[in-house]
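Colleague: Can you take me through this model? I'd like to hear what each label rests on.

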Amino acid sequence: MKMILLGPPGVGKGTQAQRICDDFGVVQISTGDMLRKGVKEGTPLGKKAEGFMSKGELVPDDVILGLIGETLFADDAPKGYILDGFPRTVPQAEGLKKMFEDNNEKLDYVLLLEAPSDLIVKRLSARRSCKKCNKVYNLVSMPPKTEGKCDVCDGSLYQRVDDKEETIKNRLDIYKNQTEPLVDFYSKTENLVSVDSTGSPEEVHKNILKVLKG
Ligand code: AMP
């Protein structure tokens, strides 16, 4: 199964991607996670991306397409994958389409997770991530058992620099201008399904399963 999770930052793509991976044995491919790893390790990719990411801006399309091209057909996802946070622009979607055509592959779903922006701002402001294993928490809806510590690996929790209030607005504007046109792009060519993502992570997960299991 090959699918794209589309939707604004903070709508729950990462959280839902992990659950779908557990359900179907597919692999999560998150360009945001790959870039954050590069920044943390100081790789050439990370150095290119860091300035854009800290301001909440998009990393240039050629950098992202290069990164995805190296990852997507590496044959380490026999049951398929979920693209989380990619594509984010029309040129990225066109680049992906070409990669699929060149490899005779086909997308099964584009899931569009939807929630109103006031809820998204609240969710992003309350998001915390583990420094060690990247597990994501929400101080309101999915708090860790011990304050400031990861339930899984005991790593310290931190707030992403791009989850600060002043950057969130910029990211939502960028989503509206650069990523939302993909809804139109995919509704014409792919199996695009909208999923109500206003509820708890469990409720959203159930909504997704209804689509995937029919
Ligand atoms: P995310 O974790 O998906 O919210 O991504 C965090 C940040 O990484 C974004 O705000 C961008 O700066 C960068 N990024 C992640 N994926 C992409 C992409 N597909 N295109 C451009 N920039 C990206």
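Modeller: Let's begin with the ligand: its shell holds six nonpolar, four polar and six charged residues. Here Ala, Val, Leu, Ile, Met, Phe, Trp, Tyr, Cys and Pro count as nonpolar, Asp, Glu, Lys and Arg as charged, and the others, Gly among them, as polar. This is a predicted model, where local features need pLDDT of at least 70, side-chain atom pairs count only at pLDDT 80 or more, and totals for chains, interfaces and linings use all residues. Numbering starts from 1 along each chain as its sequence is written, and side-chain values use heavy atoms, with hydrogens and water left out.

Colleague: Which of the 16 residues around the ligand come nearest?

Modeller: T31, R36, E57, G85 and Q92 do. A residue is near a molecule if one of its heavy atoms lies within 4 Å of it.

Colleague: What makes the pairing of G85 with a nitrogen atom of the ligand a polar contact?

Modeller: A polar contact with the ligand is a pair of N or O atoms within 3.5 Å. A backbone N or O atom of G85 lies 2.9 Å from that ligand nitrogen, so the pair qualifies. In the side chain of R160, an N or O atom is 3.1 Å from a ligand oxygen, and for a polar side-chain atom of R171 the distance to a ligand oxygen is 3.4 Å. The protein covers 96% of the 480 Å² of accessible area that the ligand has on its own (Shrake-Rupley method, 1.4 Å probe).

Colleague: Which helix gives the most to that shell?

Modeller: Helix α2, residues 31-41, with four residues. Helices here are DSSP runs (H or I, at least four residues), numbered from the N terminus.

Colleague: Why are α2 and α4 called roughly perpendicular?

Modeller: Their axes, lines fitted to C-alpha atoms over the stretch in contact, cross at roughly 105 degrees and come within 11 Å. Angles of 65 to 115 degrees count as roughly perpendicular, so the label fits. T31, M34 and L35 in α2 meet I64, L67, I68 and T71 in α4 (contact means heavy atoms within 4.5 Å). Those residues divide into five nonpolar, two polar and no charged.

Definitions and conventions:
A polar contact is a pair of N or O atoms within 3.5 Å; within protein, one must be able to donate a hydrogen and the other to accept it, and residues adjacent in sequence count only if both atoms are side-chain atoms. Helices (H or I, at least four residues) and strands (E, at least two) are DSSP runs, numbered from the N terminus. Axes are lines fitted to C-alpha atoms, for helices over the stretch in contact, and angles run from 0 to 180 degrees between N-to-C directions. Angles under 35 degrees count as roughly parallel, over 145 as roughly antiparallel, 65 to 115 as roughly perpendicular and the rest as oblique.
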